[in-house]
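Thanks for sharing this one. Here are a few notes to read with the structure open beside you.

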Amino acid sequence: MLSNAITIRKAVPEDAAKIVFGLASLAQDLGYAHHFHGTVESVIKHGFTEPVQFQVAIAETATEFAGLAVYFAYYSTMRSQPGVYIQDLWVAKDFRQRQLGKRMLRQVGQQARASWDAQFMILAAHNDNAAAQRFYQRLGFTSQYEDQTMVLEPKGLAQLLQEVATDVG
């Protein structure tokens, strides 16, 4: 392999520190470094220990880490089809403008189609990341204005679970 040739492969547990670095770099690029709490232990527990919660595609040269895509199986009840959800896509600054993001999405899509018959790809782009939105639109992604992502944080989830336990008991 040429030293500047970029390969994309499925991550292995030994990549956990690299994955954390990539995710921390993405958080930094987006201005959300203070929200990032990823650890090697968490990546190994949730990405490489059953039940596996996510998979990662790693892009690299023989000597450099170039990027990653974090993804998992997704099912749409409206479409009645399986898909693949791209949680994170990050390309290192020195590797941008080389079609690497597109290549990683293609590889993830091929793997998801072969593994669980994914028929579509879904992701969320940050509202204030116009460059990412343009990139995804050039690839054919469209906005789903009818959906708004909402999250129940750990404290709220604990409260809900406690209320459910009280309601049942």
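1. Let me begin in the loop between β4 and α3, where Gln99 sits. This is a predicted model, and in it Gln99 is exposed, with a relative accessible area of 53%. The cut-off for that word is over 50%. The backbone of Gln99 deserves a look too: phi is positive, about 70°, although the residue is not a glycine.

2. Gln97 is found in the loop between β4 and α3 as well. Its phi is near 65°, again a positive value in a residue other than glycine. Gln97 is exposed, with a relative accessible area of 83%.

3. Another backbone feature to check is the peptide bond joining Glu50 and Pro51, which is cis, with omega about -5°. Pro51 lies in the loop between α2 (40–48) and β2.

4. Now for the interior. The largest nonpolar core has 37 residues, and those touching the most other members are Ile19, Val56, Leu68, Ile86, Leu100 and Met104. At least two residues of this core come from each of α1 (16–30), β2 (55–60), β3 (65–76), β4 (81–91), α3 (100–116) and α4 (130–138). With six residues, β3 gives the most to the core. In soluble globular proteins, nonpolar side chains tend to be buried together.

5. If you would like one residue to start from, try Ile19. Which residues is Ile19 in contact with, leaving aside its neighbours within four places in sequence? They are Ala11, Val43, Phe48, Val56, Ile58 and Leu68. Val56 and Leu68 also appear with Ile19 among the core residues that touch the most other members.

Definitions and conventions
Residues numbered from 1 in each chain as written. Predicted model: local features only at pLDDT ≥ 70, side-chain atom pairs only at ≥ 80, totals over all residues. Heavy atoms only, no water. Core = buried A, V, L, I, M, F, W, Y, C linked by side-chain atoms within 4.5 Å. Buried < 20%, exposed > 50% of the residue type's maximum accessible area, 1.4 Å probe, protein only. Helix = DSSP H or I, 4+ residues; strand = E, 2+ residues; numbered from the N terminus. Contact = heavy atoms within 4.5 Å.
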